[in-house]
Amino acid sequence: MTFTQDQSTVTEISPRELYARLLSAQPLFILDVRNEDEFKRMPVEGHATLRTLNLPYYDFIEDEEAALARLPKDVEEVVVICAKGGASQYVAEVLNNHGYRAVSLTDGMIGWGNYYDTRDVVNASWGRIVQIARPARGDLSFAIISDGQAALVDPLRHINVYRELIESAGAKLTTILDTHVHADHISGGPALSKETGAPYYVHPYDAIHPIDMLPAVIAYEPLRDGQVFQIGQVRITTIWYPGHTLGQVNFLAETPDGGRYLFTGDGIFLRSFGRPDLGGKGEAWTPILYRSMFERLPRYLTDETVILPAHFSTLDEDAGNGIFAAPYKQVLSQNDSLKPRSLEEFTSFVLSHLPVFPPEYVEIKRVNIGLVEPCEGKASELELGKNICALAE
Amino acid sequence: MPHFDQTLDVKGAKCPMPLVKSRKAISELPVGQVLQVISTDRGSVADFQGWVKTAKNVELIAQETVQENGQELYVHYLRRTA
């Protein structure tokens, strides 16, 4: 067989199409042809109907027959994935020559990792709440658009996604909100503020690096507990919620039709909650988180308040339409980690469920308050892999 | 720099071509000889390490990264063992 990338006739699947297939929960078979380390660090994840096999592309180069023999015989279609989209074309072509129907993911994991999915949480006469997800990382961010004004909550690094969204809605960005200074990904907030002139708000307690103890050098407006923002017809109230970070806040949006939407950041997740140890002081911050979770926040919430977190851990948290949100009552019923506990029980629960502490999270917090300015290559390296902001299952 | 017998220049070639061409070149090399592969593909470093774990007659002797005209070159030394 001769192979040249320029002349490949292999059909491609775009990240958008792949995401639709993953959400649909239809049977799907992924052949990931990256090396084992890269695969383990960040596989493409889906529902239980997804089957994935890691078989590096060089196994096909070394011994094609042996590699083919390891594929299941019962698959109708194979989605081949590699790092950048080259090796997956090669392997897909081998598969197609042997009677399989194989497609190659465009731009590989780079394309998948940088793919953003935008969809409305609610679209009403007063305006819209839009969820902007980066599915590969499990990152979620939001836009609130009403009467030509727009606010963003927890915008991610690729800021053009937000600029295009707001422009196509015919709105003007007036307010940029971060629920906290993130450790797992680089915020788009400061860059958006610089480009558009819209103020960037973050709580002052998060504007000091918790490990370096150095103050932020970015331009920001300090958030305070109870601060209110009016975005068109939507009223947004700031609720201080220390624990995951000392300056973590939740934003409660109230709409004219009586809707209540809580942008909780890394406060409450649909199946877990934000870990209190990423500032390096888990034992001191756990009782603070306890008071936020069980005393401060509940008085703002009704059963119907829609909880919109900044992360999901698995696609199973999808409400069925690609929206990762649920009413508070439903979250309480399906999220064991939120069940009432004494402080002692809560502390031992937290300390026994802490996942690994990714070392790059310390550096990402430096980036987010301007202490370090990475180039594009370094920035995307820091963001490799999925977020690990929730407690372990 | 280890001793080598032949050089394969795959500068500019993207994955999977550095490995495809190296496999072919190794197969044409006399047993015992060493092939130097010069690549600009950073991913080739980990991929060559993974490949030789299961490759039948290839041993990875050394890898080095060198600067040339402002770009990084990833150089691999492969011996044909059988």
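**Exercise 1. The strands around β2 of chain B**

Determine how many bridges join β2(B) to strand β4 of chain B, and whether the two run parallel or antiparallel.

*Solution.*
Step 1. In this predicted model, β2(B) is joined by 6 bridges to β4(B), a strand of residues 71-80, and the two run antiparallel. One pair of residues in this arrangement is B:Gln36, which stands opposite B:Tyr77 of β4(B).

Step 2. Strand β1 of chain B, residues 6-10, is also joined to β2(B), here by 5 bridges, and these two strands run parallel. The bridge partner of B:Leu8 in β2(B) is B:Val37. Between β1(B) and β2(B) the chain passes through helix α1, residues 17-27 of chain B, in a β-α-β crossover that is right-handed.

Step 3. The two faces of β2(B), residues 34-39, can now be assigned. B:Leu35, B:Val37 and B:Ser39 form the covered face, whereas B:Val34, B:Gln36 and B:Ile38 form the uncovered one. In a regular strand, side chains alternate between the two faces of the sheet.

**Exercise 2. The contact between the chains**

Identify which element gives the most residues to the side of chain B that touches chain A.

*Solution.*
Step 1. The contact involves 13 residues of chain B and 16 residues of chain A.

Step 2. On the side of chain B, the elements that give two or more residues are α1 and α2 (44-54). Helix α2(B) gives the most, with 5 residues.

Step 3. Sorted by class, this side of chain B holds 7 nonpolar, 3 polar and 3 charged residues.

**Exercise 3. The overall form of chain A**

Explain why chain A is judged as compact as a globular protein of its length.

*Solution.*
Step 1. Chain A contains 13 helices and 18 strands.

Step 2. For 393 residues the globule rule gives 21 Å, and the radius of gyration of chain A is 22 Å; the two values are close, so chain A is as compact as a globular protein of that length.

Step 3. Along the principal axes, the C-alpha trace of chain A spans about 65 × 50 × 40 Å. Of its 393 residues, 46% count as buried. Among contacts in chain A with a separation of 6 or more, 62% are between residues 24 or more positions apart.

**Exercise 4. A core and its strands**

State which residues touch the most other members of the largest nonpolar core, and which strand gives the largest share of that core.

*Solution.*
Step 1. This core has 68 residues, and A:Ala143 and A:Ile144 touch the most other members. Strand β8 of chain A, residues 139-146, supplies the largest share, 5 residues.

Step 2. Leaving aside residues up to four places away in sequence, A:Ile144 touches several residues, including A:Ile129, A:Ile231 and A:Ala253. A:Ile129 is also the bridge partner of A:Ile144.

Step 3. Strands β7(A) and β8(A) pair in the antiparallel sense over 7 bridges. Their hairpin has 4 residues between the strands, and A:Gly138 in this hairpin takes a positive phi near 70°.

Step 4. On β7(A), residues 127-134, 6 of the 8 residues are buried. Strand β6(A), residues 117-124, is joined to β7(A) by 7 bridges and runs antiparallel to it. The hairpin of β6(A) and β7(A) has 2 residues between the strands, and A:Asp120 stands opposite A:Val130.

Step 5. A second, separate core has 46 residues; among them are A:Leu28, A:Trp112, B:Ile26 and B:Val37.

**Exercise 5. An enclosed helix and a strand residue**

Decide whether A:Asp117 counts as buried or partly exposed, and explain why helix α5 of chain A is described as largely enclosed.

*Solution.*
Step 1. A:Asp117 lies in strand β6 of chain A. A residue needs 20 or more C-beta neighbours within 10 Å to be buried. A:Asp117 has 17 inside 10 Å, so A:Asp117 counts as partly exposed.

Step 2. Contacts of A:Asp117 beyond four places in sequence are with A:Tyr19, A:Ala133, A:Pro135 and A:Gly322.

Step 3. In helix α5(A), residues 87-97, 8 of the 11 residues are buried, so the helix is largely enclosed by the rest of the structure. Among the buried residues are A:Tyr90, A:Val91 and A:Leu95. The elements that the buried residues of α5(A) pack against include β2 (28-32), α3 (57-62) and α6 (108-113) of chain A.

Step 4. Just after α5(A), A:Gly99 takes a positive phi of about 90°.

Notes. Residues are numbered from 1 along each chain as its sequence is written. Chains are lettered from A and ligands numbered from 1 in the order in which they are written. This is a predicted model: local features need pLDDT of at least 70, side-chain atom pairs count only at pLDDT 80 or more; totals for chains, interfaces and linings use all residues. A residue is buried if 20 or more other C-beta atoms lie within 10 Å of its own, exposed if 12 or fewer, and partly exposed in between; C-beta atoms are placed from the backbone. Two strands pair if DSSP finds at least two bridges between them. A crossover is right-handed if, with the strands pointing away from the viewer, the path from the first strand over the helix to the second runs clockwise. Two residues are in contact if their C-beta atoms, placed from the backbone, lie within 7 Å. Ala, Val, Leu, Ile, Met, Phe, Trp, Tyr, Cys and Pro count as nonpolar, Asp, Glu, Lys and Arg as charged, and the others, Gly among them, as polar. The radius of gyration is taken over C-alpha atoms; the globule rule is 2.2 Å times the number of residues to the power 0.38. A nonpolar core is a set of buried Ala, Val, Leu, Ile, Met, Phe, Trp, Tyr and Cys residues joined through C-beta atoms within 7 Å.
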